[in-house]
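This briefing looks at a bound metal site and at the ligand pocket beside which it is described. Please read it with the sequence and the structure at hand.

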Amino acid sequence: MNFELKNLSWASCEQTACDVLILLVSDSAKPAQPAKAISSLPALQQLMLSALAQDDLDTATGKLISCYRPAGIAARQVILVGAGQASEKDIARACATAFAACKIPSSVKSAQVLLCLAEINDVSGSSLQAAMQAAAASSYVYTHTKPKSEARKLSKVTINLASAAQVKALANDLQEGHALISGVELAKEWGNRPANHATPTMLAKAAQGIAAGKSPVRCEVLGPKEVAKLKMGSFMAVAQGSAEPLRFIVLKYQGAGKAVQPTVLVGKGITFDTGGISIKPAAEMDEMKFDMCGAASVLGVFQALSVLKPKINVIGLIPSCENMPSHNAVKPGDVVTSMSGQTIEILNTDAEGRLILCDALTYAERFKPAAVVDIATLTGACVVALGAVRSGLFSADDDLATQLLKAGETSQDLAWRMPLDDDYAEGLKTNFADVANVAGRMGGAITAAKFLQRFATQYPWAHLDIAGTAWKSGAAKGATGRPVPLLMKFLLNFQQKALLAGKKTARAAIK
Ligand code: BES
Ligand code: MN
Ligand code: ZN
């Protein structure tokens, strides 16, 4: 899908041959006094002004009117959509509704949209990216296991801005938007594929695909033997019940000098979570194919990095396996030894995400990271707490937490900070190991984070619980590609800003 920025006059807008012309109209577009001599104005401007004057067009965000072949305009469909105060959120919403209202006849195979933002003053970089993402999200189609379905129709979006200066000023944001979309779509694609089409081996192949050819990304894949040698006893315990061999995927992107400490992303890659011997109920179990959305978001970030090539260093770690019941499966009460040396009593085999992540968190130490962020569809409790709107963010490091929250706000991929008081770890105590893998039912998202925190003592760490945000259920069932936008914004802002210089105090706080 192609995007370009232009600065067109009203007259050239209406003459542009395209399938749909979308015009965003903010509250400020309404003239204080009715415009005089309206009939001498270009047809598109007349349309907007008369719709405003007669209150046919409400500029509240997302309210729209759609016209079929209006006189004097080349587009087949013209959509005028309210953009309220024209905040980033308004623009995202207005674009999402407008793109959803685009009617492309079946005869058209490759559709073009002219998105006119010229009535919006000072379109920001994040507003532009929000508009681009709305266009991409509305036109994404999953086809992998639907060979007869039609691929994406929308092939080109021309974005019209108020001035040539804006076109120039937003050139970098356009590139970033492109990269971001390619990352989000890769994350969606792998999230959506059913578990028999997205095994740990296939995920590893996808990672190798991102690193293939001239890509600036490098990829290394470890199998059961290498993982055993590393003594990842906790990860191996989850994988042992499945016929599918585990994979530990290591991705490296080096855009800055070698001396620059990398940021490490760790993604939960359970390609299917049955719960294991602590088996889940049948209802909606299919959705546990999405239990690798943390891993998919890491793949998405590396895809975006390979397109954008920023001057930063990033490592991606993906422990991937299935969680299955079988005669080989780990049993409730079994005690395993993690790579860190800590022993873990597995009281519930359905709390498997933390068991694979803890070994990856230990593995991360070797990179001497500036920060480590793990991303996981970790707990149903997080869905209860925050629903599908915000991901749960856990970090003892205030700077890191602030940066992640801010990145979420600018990319409209929101998170919410949750507590990490030590009192929450009480329930993880056991008579039979250093730690148990579950506490009681209460505060389940937090006790899971407390478990992980024990393994993330050597660097500033944050955990994103994306159980509620990584996919949608019901009629719109599908992966969202979240939190790729948040992570990309975070990585680009973080830019090794020596955020964590002199971080010894924060580290002490985690211990
Ligand atoms: N993958 C699930 C978490 C999950 C459940 C995400 C439902 C989205 C929707 C995770 O592995 C899990 O099963 N967690 C358990 C933990 C419990 C056994 C302490 C849960 O949340 O029920
Ligand atoms: Mn589980
Ligand atoms: Zn799981």
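In this predicted model, the zinc ion (ligand 3) has an octahedral arrangement, because the 6 donor atoms around the ion subtend angles of 78 to 173°. For comparison, the ideal angles for six octahedral donors are 90 or 180 degrees.

**Zinc site**

- The protein atoms coordinating the zinc ion (ligand 3) come from Lys268 (NZ), Asp273 (OD), Asp291 (OD) and Glu352 (OE), at 2.0 to 2.4 Å.
- Along the chain, the donors of the zinc ion (ligand 3) are spaced as K-x4-D-x17-D-x60-E.
- A manganese ion (ligand 2) lies 3.2 Å from the zinc ion (ligand 3), and aspartate 273 coordinates both.

**Surroundings of ligand 1**

- There are 16 residues around ligand 1, and those that come nearest are Asp273, Lys280, Asp350, Glu352 and Gly380.
- By residue class, the shell around ligand 1 holds 7 charged, 5 nonpolar and 4 polar residues.
- The space that ligand 1 takes is the second largest pocket.

**Polar contacts and burial of ligand 1**

- Lysine 268, which also coordinates the zinc ion (ligand 3), places a polar side-chain atom 3.2 Å from an oxygen atom of ligand 1.
- Glutamate 352, likewise a zinc-coordinating residue, has a side-chain N or O atom 2.8 Å from an oxygen atom of ligand 1.
- At glycine 380 the contact involves the backbone, where a polar atom is 2.7 Å from an oxygen atom of ligand 1.
- Ligand 1 taken alone exposes 510 Å², of which the protein buries 76%.

Notes. Residues are numbered from 1 along each chain as its sequence is written. Chains are lettered from A and ligands numbered from 1 in the order in which they are written. This is a predicted model: local features need pLDDT of at least 70, side-chain atom pairs count only at pLDDT 80 or more; totals for chains, interfaces and linings use all residues. Side-chain values use heavy atoms; hydrogens and water are left out. A residue is near a molecule or strand if one of its heavy atoms lies within 4 Å of it. A polar contact is a pair of N or O atoms within 3.5 Å; within protein, one must be able to donate a hydrogen and the other to accept it, and residues adjacent in sequence count only if both atoms are side-chain atoms. Accessible areas come from the Shrake-Rupley method with a 1.4 Å probe; for residues, only the protein chains shown count as cover. On a 1 Å grid over the protein atoms alone, a cavity is a set of points where a 1.4 Å probe fits but cannot get out, and a pocket is an open set with protein on both sides within 12 Å along at least five of seven lines; lining residues have an atom within 4 Å of a point. A molecule sits in a cavity or pocket if more than half of its atoms lie within 2 Å of its grid points. Ala, Val, Leu, Ile, Met, Phe, Trp, Tyr, Cys and Pro count as nonpolar, Asp, Glu, Lys and Arg as charged, and the others, Gly among them, as polar. Donors are N, O and S atoms within 2.8 Å of the metal (3.2 Å for Na, K and Ca); water is not among the atoms, so sites may look incomplete. Four donors count as tetrahedral if all angles lie between 85 and 135 degrees; four count as square planar and six as octahedral if opposite donors are over 155 degrees apart and all others between 65 and 115; anything else is irregular.
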